[in-house]
Amino acid sequence: MNTQKALEWLANGEVGISSKTMCFALLGIRYDTADMPYDADDLRRCLLFCDYAEVTDDDLKKICNVHIWWQYIYNEWAHLLFFYEEGDFMSVYRLLDSVSERVRAGISEERRKQL
C-alpha cells in the first residue's frame, strides 16, 4: 500500500466505516468501529480506497491478521469484484449478507470456545 496516498484518501476521499477499517488496519492504527462492507455502496468505497492507495493482494491478507473475521471477506474478494464490475449489485448484496452470517457464526463460535 502507498501510505501517503492512504493518508490523502483518509483526508479527502469518500470514506466509510468498512473502507476506514481496511485503511487503519494497514496503517497499524486501532479503530474501535471496525466493520465490514454490507452492500455494493460500502464495497465501492472499499474499492476506491484500494485503487487510490494501491492496495495489493498481500495488503488484503494483512487485514486478516488484524481482523480475523476479514478472512471471510478476503475469501470472497474475487467474487465480489466480479459481481461489482458486472453491475450485479444484488449478487454483491447477497454474497456480503452470506459473509456477514458466516462472520457472526464464527464470532459466536470463538466466544463459545472462550467460555
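**Helix packing and the nonpolar core**

In the predicted model, Met-22, Ala-25 and Leu-26 of helix H2 are in contact with a set of residues in helix H4, namely Asp-59, Leu-60, Lys-62, Ile-63 and Val-66. The axes of H2 and H4 come within 9 Å and cross at roughly 85°; because angles of 65 to 115 degrees count as roughly perpendicular, the two helices H2 and H4 are described as roughly perpendicular to each other.

Two of the residues at this contact, Met-22 and Leu-60, recur in the largest nonpolar core, which comprises 29 residues and in which Met-22, Phe-49, Leu-60, Trp-70, Ile-73, Trp-77 and Leu-80 touch the most other members. The elements that give two or more residues to this core are helices H1 (3–12), H2 (17–27), H3 (40–52), H4 (57–66), H5 (70–85) and H6 (89–114), and the largest share, six residues, comes from H3. In general terms, nonpolar side chains tend to be buried together in soluble globular proteins.

Within this core, Ile-73 is one of the residues that touch the most other members, and, when its neighbours within four places in sequence are left aside, Ile-73 is in contact with Met-36, Pro-37, Leu-80 and Val-99.

Aromatic side chains were also examined. A search of the whole structure finds six aromatic pairs, and one aromatic cluster is formed by Trp-69, Trp-70 and Trp-77, of which Trp-70 and Trp-77 are also among the core residues that touch the most other members. An aromatic ring is likewise involved in an arrangement with a charged group, in that the charged end of Lys-5 sits over the ring of Tyr-52, at 4.9 Å from the ring centre.

Definitions and conventions. Residues are numbered from 1 along each chain as its sequence is written. This is a predicted model: local features need pLDDT of at least 70, side-chain atom pairs count only at pLDDT 80 or more; totals for chains, interfaces and linings use all residues. Side-chain values use heavy atoms; hydrogens and water are left out. A nonpolar core is a set of buried Ala, Val, Leu, Ile, Met, Phe, Trp, Tyr and Cys residues joined through side-chain atoms within 4.5 Å. Buried means under 20% relative accessible area, exposed over 50%, partly exposed in between (1.4 Å probe, protein chains only). Helices (H or I, at least four residues) and strands (E, at least two) are DSSP runs, numbered from the N terminus. Contact means heavy atoms within 4.5 Å. Rings of Phe, Tyr and Trp (its six-membered ring) pair if their centres lie within 6.5 Å; planes under 30 degrees apart count as stacked, over 60 as edge-to-face and the rest as tilted. A charge sits over a ring if NZ of Lys or CZ of Arg is within 6 Å of the ring centre and within 35 degrees of the ring normal. Axes are lines fitted to C-alpha atoms, for helices over the stretch in contact, and angles run from 0 to 180 degrees between N-to-C directions. Angles under 35 degrees count as roughly parallel, over 145 as roughly antiparallel, 65 to 115 as roughly perpendicular and the rest as oblique.
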